[in-house]
Amino acid sequence: MRNIFQIVIFFIFPLVLQAQTDSSFVGALSKGNITGQVRLMSISTWNKDDLSDYSAGAVGLTLSYQTLSFKGFRLAISGSLTQQIYAPNFSIPDPKSLQLNRYEWGMFDFTNPNKKDMLLRLQELNLQYRSKKIQTLIGNYTPQNIFLNAQDGRMSPTLVLGLSLKYFPSSKWQIGLEAITGMNPRSAVKWVSVANSFGIYPVGLNPDGTKSQYAGHTTTKGIGIAEVMFKPNSKWQILASDILVENVFHTAYLKTEYRKSIWNNQQLMLGGLLATQRQLGNGGSDVASQVYFAKENKPIIINVRLGLKDKKWEGSLNFGRITTQGRYQMPREWGVEQFYTFIPRERNEGSGDVWAYTAKYAYTFSKNWKLETAYGYYNMPDVKDTRLNKYGVPDYSHTMLNVQYNFQGNLKGLTLQALGIYKANQGLVYDNLKYVQNKVDMSQLNLVVNYKW
């Protein structure tokens with residue numbers, strides 16, 4: 001009965017509402033916009049030698065309804081369903097490395113590895129208000145932060161439950177405040193509190209080498225975010241922010257970007273990010289083995305970009321550094337770090353003493369074709385240095401090729417994408433396959449068909 005009720009709420013209610021006719025408030029409700037997306041996706045991962053290879057496929061539907069504005073107010077609701085087409089048994093580890101699947105499992109529900117039934121998910125359900133100087137939103141919504149974001153690389157995005165306020169005192173300034181109390185990670189179906197979102201994904205190791213036990217034991221009331229953005233002119237953009245996770249940790253960061261036209265309408269792009277992290281309260285728990293963020297953990301994160309952009313292409317050289325004072329930590333359930341050095345299918349979260357170097361290039365051939373490529377080298381701490389390497393990732397090089405075709409005309413909204421990556425081991429793994437499986441000496445192919453309307 002519950003599944004039937006969800007289907008009615010997600011997919012039938014907006015259609016019935018739009019069919020009504022009236023004016024004023026009821027008219028705003030009934031004359032809204034229906035948008036949707038159909039996604040067909042497959043992920044295949046090939047590991048070194050005779051380690052386990054994986055492949056999985058799924059199809060999903062998302063339907064959204066947003067009312068027209070009534071005195072500045074709007075109501076939005078969306079829901080999704082995902083159906084597994086084929087997949088391995090995610091509860092069986094590789095017999096040699098004893099590691100579980102990492103990538104394909106994320107297309108479905110991390111909390112239930114063998115669930116093959118259709119996954120129904122309430123996504124957005126929020127009330128918005130907009131005026132010239134104020135934008136507010138309360139309810140379920142997609143986060144848009146450097147560290148908390150949709151990370152929409154599987155079947156559906158990450159969402160949060162909370163209150164968002166943006167104030168525009170002038171054309172040059174933007175002030176934002178958020179209070180978040182609930183989460184719905186992209187690889188989960190049920191909404192949970194912020195405290196219970198810790199540890200839905202693999203937890204890695206404590207700094208002393210013991211298995212982290214913060215899942216289900218982290219205590220926090222939620223997340224507070226404060227942001228100030230300053231755009232003095234068309235060239236500069238400066239963002240200062242602090243993400244405060246009550247009783248666990250906070251992350252303060254400053255991001256500055258500069259763009260200037262130089263020759264033949266090309267743009268010079270410069271960017272810099274500086275972030276620091278510190279423990280708050282008891283780091284999530286009074287029990288040492290259950291602490292998410294240790295008191296001694298005080299990393300500094302640096303990221304810089306030098307790039308050039310034209311009408312059809314964009315290229316950049318990027319550098320990143322995470323210092324030896326600790327490992328950069330941010331729950332992977334909340335988003336993917338949007339560093340200049342980031343390349344899809346791997347992150348530096350959970351690591352300190354990192355030196356990262358990447359080169360990226362994108363070329364748009366026409367309205368239809370777009371090509372992106374990237375290469376990165378990441379010098380990591382020793383895999384046995386658990387103080388600085390939470391997940392045991394060795395030095396590696398990372399190559400990515402992404403090809404996208406966008407249909408036009410009657411098929412506008414239909415996109416085909418092929419994303420391929422290869423990660424090569426460049427460090428010591430001590431003949432232990434747990435440092436190899438799904439981490440290095442592996443290749444992967446993602447095939448995605450998206451149709452949006």
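# Briefing: charge, fold and strand pairing

In the protein chain, the mean positions of the 49 positive and 31 negative charges lie 10 Å apart. The model is predicted. Its protein chain contains 3 helices and 19 strands. The radius of gyration of the protein chain is 22 Å, close to the 22 Å that the globule rule gives for 453 residues, so the chain is as compact as a globular protein of that length.

**Overall dimensions and packing**

- The C-alpha trace of the protein chain spans about 70 × 55 × 50 Å along its principal axes.
- Buried residues make up 47% of the 453 residues of the protein chain.
- Among contacts in the protein chain with a separation of 6 or more, 62% are between residues 24 or more positions apart.

**Surface**

- The exposed area of the protein chain is about 21200 Å².
- Carbon and sulfur atoms supply 59% of that exposed area.

**Pairing of β2 and β3**

- Strand β2 covers residues 54-66 and strand β3 covers residues 73-86; the two run antiparallel and are joined by 10 bridges.
- Gly57 is positioned opposite Tyr86 of β3.
- The hairpin of β2 and β3 has 6 residues between the strands, and in this hairpin Lys71 adopts a positive phi near 55 degrees.

**Pairing of β3 and β4**

- β3 also pairs with strand β4, residues 119-130, in the antiparallel sense, over 9 bridges.
- Leu75 has Leu127 in β4 as its bridge partner.
- Strand β3 is thus named in both pairings, with β2 and with β4.

Methods:
Residues numbered from 1 in each chain as written. Predicted model: local features only at pLDDT ≥ 70, side-chain atom pairs only at ≥ 80, totals over all residues. Heavy atoms only, no water. Pairing = 2+ DSSP bridges. Helix = DSSP H or I, 4+ residues; strand = E, 2+ residues; numbered from the N terminus. Rg over C-alpha atoms; globule rule 2.2 N^0.38 Å. Buried < 20%, exposed > 50% of the residue type's maximum accessible area, 1.4 Å probe, protein only. Contact = heavy atoms within 4.5 Å. Areas by Shrake-Rupley, 256 points an atom, 1.4 Å probe, with all protein chains shown as cover. Lys, Arg positive; Asp, Glu negative; His and termini not counted. Charge placed at Lys NZ, Arg CZ, Asp CG, Glu CD.
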